[in-house]
Every structure is written in structure tokens, then in C-alpha cells.
Amino acid sequence: MSVAAALVRDALAQSASVTALVSSRIYASMRPNGQGETCIILSFGAEEDVSPTFQRTDKLRKLQVEIECMSPTVGGAHALAEAVRKALHGAKGYYRSCRIIEIRIGSTTTNFDLGADADDQGVHICTVNATAYYTAEAVNPTTITDPNANP
């Protein structure tokens with residue numbers, strides 16, 4: 001997990017309004033067995049340069065994060081998604097030697113998951129899509145040479 005990904009997870013864990021709804025049930029890229037509980041599932045997507053150059057001097061990067069706010073009720077899922085939006089949108093600063101330029105919330109969608117088995121409980125999911133812009137360490141590329149080339 002990158003520093004920016006850890007920042008998103010920790011920012012949610014440090015938000016009083018988010019933890020009031022989920023306690024410490026913030027998971028990365030996996031769904032817990034107990035589907036009846038209110039929780040957050042983080043899925044980290046593309047992590048890439050914002051404006052790459054041929055000289056590879058750019059340090060500005062972005063990370064796409066999908067935040068699934070799960071609850072047994074649609075109202076609970078929406079309340080959690082709103083708490084996530086308020087906690088993250090516009091967040092910035094320094095964290096774990098990483099400069100976060102800004103976290104932006106793009107869109108929010110809602111659906112209902114019936115579950116895989118007949119005995120699974122259905123769960124409402126409100127998905128919040130966020131983009132974290134941050135600066136990374138400068139690259140130091142290797143110079144590739146052919147040891148068999150003629151001088």
C-alpha cells in the first residue's frame with residue numbers, strides 16, 4: 001500500500017464522525033464475513049503521474065480510491081457516505097513524509113447487494129469515489145547500457 005493509500009485509510013480512522021458510525025471497521029480491498037455490520041471497504045485504483053514528462057521529473061501524482069460505505073439500511077449507508085465526504089473532501093497537508101495537495105470527492109453511487117448465498121443478508125452500499133493528489137519522491141532512473149556494444 002502506498003503512503004497516499006495509507007493516508008486515506010488513516011484520515012477516515014481519525015474522523016470522529018466516521019468512527020462513530022463504523023468504530024474501527026475500515027477494511028482495505030476485502031469484504032468481511034459479517035455482512036450485516038456497518039463498515040467501510042477501501043479499494044485502491046490507478047496510481048499515476050498527473051502530467052508526466054519525458055524527463056520524468058514530475059513528482060505530482062494521483063491515486064483513485066473507491067470507498068464503499070456498507071450498512072443494513074439505505075439511510076445508514078447514505079449517512080456514512082456523507083460522513084466520509086465531509087471528512088475527506090478538501091483534505092490536505094503533510095503525512096508520513098508525503099505532501100497531500102488535496103483529496104477530492106468525485107461522485108457517489110448507491111446500490112443493493114443481495115449476497116452470494118441464500119442465507120446471506122442483503123446490504124446497502126453507497127460508493128464514494130475520491131482522488132488524492134500528492135507529491136512523491138523524485139525518480140532516479142537507471143542509465144541502460146549495452147556491455148557488448150562497440151565503443
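What share of the 151 residues of the protein chain counts as buried? In this predicted model, the figure comes to 30%. The surface side of the story is an exposed area of about 9,000 Å², with carbon and sulfur atoms supplying 50% of it.

As for the overall layout, the protein chain has 3 helices and 6 strands. Read from the N terminus, these elements follow the order α-α-β-β-β-α-β-β-β. Among contacts in the protein chain with a separation of 6 or more, 58% link residues that sit 24 or more positions apart.

Next comes the interior. In soluble globular proteins, nonpolar side chains tend to be buried together. Here, the largest nonpolar core counts 30 residues, and the members that touch the most others are Leu12, Ile40, Ile67 and Val84. At least two residues of this core come from each of H1, helix H2 (16-22), strand E2 (39-49), strand E3 (60-71), helix H3 (74-88), strand E5 (98-113) and E6. H3 gives the largest share, with 6 residues. Besides this, there is a second, separate core of 5 residues, including Cys39, Ile41, Met70 and Val123.

Ile40 is a handy place to look at this packing. With neighbours within four places in sequence set aside, Ile40 is in contact with Leu12, Val18, Val22, Arg25, Ile26, Tyr27, Ile67, Glu68, Leu80 and Val84. Three of the names in that list, Leu12, Ile67 and Val84, turn up again with Ile40 as the core members that touch the most others.

Ala28 gives another view of the chain. This residue belongs to strand E1, which covers residues 26-28. Is Ala28 buried, partly exposed or exposed? Its relative accessibility is 34%, so Ala28 counts as partly exposed, since that class runs between the 20% and 50% limits. Between Ala28 and Ala6 there are 9.6 Å from C-alpha to C-alpha, with the two residues 22 apart in sequence.

That leaves the pockets. Rolling a probe the size of a water molecule over the atoms shows where empty space is left. The largest pocket holds about 160 Å³ of space. Helix H1 (3-13) and strand E6 (123-135) are the elements that give two or more residues to its lining. The full lining is made up of Ser2, Val3, Ala4, Glu47, Arg96, Ser97, Cys98, Tyr134, Thr135, Ala136 and Glu137. Sorted by class, the lining of this pocket contains 5 nonpolar, 3 polar and 3 charged residues.

Definitions and conventions:
Residues numbered from 1 in each chain as written. Predicted model: local features only at pLDDT ≥ 70, side-chain atom pairs only at ≥ 80, totals over all residues. Heavy atoms only, no water. Helix = DSSP H or I, 4+ residues; strand = E, 2+ residues; numbered from the N terminus. Buried < 20%, exposed > 50% of the residue type's maximum accessible area, 1.4 Å probe, protein only. Contact = heavy atoms within 4.5 Å. Areas by Shrake-Rupley, 256 points an atom, 1.4 Å probe, with all protein chains shown as cover. 1 Å grid on protein atoms, 1.4 Å probe; cavity = no way out; pocket = protein on both sides within 12 Å on 5 of 7 lines; lining within 4 Å. Points joined across faces, edges and corners; volume = space filled by probe spheres on them. Nonpolar A, V, L, I, M, F, W, Y, C, P; charged D, E, K, R; others polar. Core = buried A, V, L, I, M, F, W, Y, C linked by side-chain atoms within 4.5 Å.
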